[in-house]
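Me: I've got a model here and I'd like to know what makes each label fit. Can we go through them one by one?

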Amino acid sequence: MSQEMRVNEDVFIMGEDIGLYGGAFGVTRGMLEEFGKERVRNTPISEAAIAGAAVGAAMTGMRPIVELQFSDFITIATDQIVNQAAKNRYMFGGKGKVPLVLRTPSGSGTGAAAQHSQSLEAWMAHIPGLKVIQPSTAYDAKGLLKAAIDDDNPVIFYEHKLLYRTKGHVPEESYSLPIGKADIKRAGTDVTIVATAIMVHKALQAAVELEKEGISVEIIDPRTLVPLDIETIVESVKKTGRVVVVHEAVKRGGFGGEIASLIAESEAFDYLDAPIKRLGGKSVPIPYNPVLEKAAIPQEQDIIQAVKDTVFRR
């Protein structure tokens with residue numbers, strides 16, 4: 001964000017507590033001191049007002065980055081995001097642009113309970129006009145955020161809370177990754193796992209254990225849900241003949257169902273040696289109790305069992 005703000009005066013950031021406090025998860029620390037309060041704008045506690053102001057700023061030539069403290073709070077800003085940001089470019093015949101990035105922490109694992117721990121990305125993926133990004137690594141996050149800021153369409157950028165703690169190689173120089181291109185996080189031959197966000201890391205851990213039992217796992221990280229790189233997923237499934245789709249969001253109505261349907265509608269269907277397996281969160285509000293919180297979403301052992309059920313199915 002800072003790199004883009006240094007080279008483009010139209011880029012600014014707005015949100016609750018992003019100034020002196022540095023944001024709910026410390027993402028904007030130091031930015032107020034560098035750019036001042038005109039470009040690092042603390043806002044009132046009103047997600048509807050934040051999103052509405054950002055849509056207006058984007059339509060009049062600015063490139064706002066919005067930080068919502070928790071992705072659950074998108075519900076309060078839904079009208080501005082779904083009925084304004086997503087539709088304006090279409091309704092004005094392409095003459096208007098809405099270069100807006102809405103960054104927001106999602107997912108569970110911090111003991112923040114039911115109103116601050118949801119994974120609602122499938123809601124936003126359902127809306128035409130929105131792009132939806134869900135990176136799993138620091139490298140992907142930087143490259144995709146650069147691409148999102150440069151995009152003339154509204155982008156919802158999900159950042160899993162627990163991934164803020166992870167580390168990885170990130171080049172100092174500015175770089176961009178293509179929106180709509182999946183990444184093969186691990187090559188394999190026996191089964192494909194399509195995983196998103198924190199589940200990519202759980203799948204990688206599971207793959208190490210499964211390899212000890214002679215099962216070779218290929219892991220595909222879509223990175224962006226909209227647009228979705230279904231071609232990379234299909235080619236992997238054609239190679240392995242088996243697929244497990246895993247995400248943290250509740251299984252019912254989750255984005256994994258879309259991925260499974262697209263696989264079933266593709267030429268990969270004829271290569272399947274077992275039914276498509278979906279693994280998602282249980283249909284319960286995320287509990288505050290840490291033991292129940294962990295039980296509500298897929299864990300490494302659940303992924304291992306799902307792969308075994310798929311590989312050894314007769």
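**Holes, pockets and a strand**

Me: The lining of the largest cavity divides into 3 nonpolar, 6 polar and 2 charged residues. What makes a residue nonpolar, polar or charged?

Reply: Ala, Val, Leu, Ile, Met, Phe, Trp, Tyr, Cys and Pro are nonpolar, Asp, Glu, Lys and Arg are charged, and the others, Gly among them, are polar. The lining includes Ala 197, Ile 198, Glu 121 and Ser 106, so Ala 197 and Ile 198 count as nonpolar, Glu 121 as charged and Ser 106 as polar. Before we go on: this is a predicted model, where local features need pLDDT of at least 70, side-chain atom pairs count only at pLDDT 80 or more, and totals for chains, interfaces and linings use all residues. Residues are numbered from 1 along each chain as its sequence is written, and side-chain values use heavy atoms, with hydrogens and water left out.

Me: Why is a space called a cavity or a pocket?

Reply: Both come from a 1 Å grid over the protein atoms alone: in a cavity a 1.4 Å probe fits but cannot get out, while a pocket is an open set with protein on both sides within 12 Å along at least five of seven lines. Lining residues have an atom within 4 Å of a point. Here the whole structure has 4 cavities of 30 Å³ or more.

Me: How big is the largest cavity, and which strand gives the largest share of its lining?

Reply: About 50 Å³, counted as the space filled by probe spheres set on the points, with points joined across faces, edges and corners. Strand β11 gives the largest share, 3 residues.

Me: What about the second largest cavity: which elements supply at least two lining residues?

Reply: β8, β11 and α10 each do. This cavity is about 50 Å³ too, and its lining divides into 7 nonpolar, 4 polar and 1 charged. Glu 121 is in the list, so it fits the charged group.

Me: β11 keeps turning up. Why is that strand called largely enclosed?

Reply: Because 7 of the 8 residues in β11 (residues 243-250) are buried, and buried means under 20% relative accessible area, with exposed over 50% and partly exposed in between (1.4 Å probe, protein chains only). A strand here is a DSSP run of E with at least two residues, a helix one of H or I with at least four, numbered from the N terminus.

Me: How do you know that β11 pairs with strand β8?

Reply: Pairing takes at least two bridges found by DSSP. β8 (residues 191-195) has 4 bridges to β11 and runs parallel to it, so the two pair. Ala 195 has Val 246 as its partner. On β12 (residues 277-281), β11 also makes 4 parallel bridges, and Val 250 stands opposite Gly 281. From β11 the chain goes through helix α10 (residues 255-265) to β12, a right-handed β-α-β crossover: with the strands pointing away from the viewer, the path from the first strand over the helix to the second runs clockwise.

Me: Which element gives the most to the largest pocket?

Reply: α7, with 6 residues. That pocket holds about 840 Å³ and has 30 lining residues, with Val 27, Ala 138, Ala 141, Lys 142 and Leu 145 nearest its centre.

Me: And which strand gives the most to the second largest pocket?

Reply: β11 again, with 3 residues. This pocket holds about 360 Å³.
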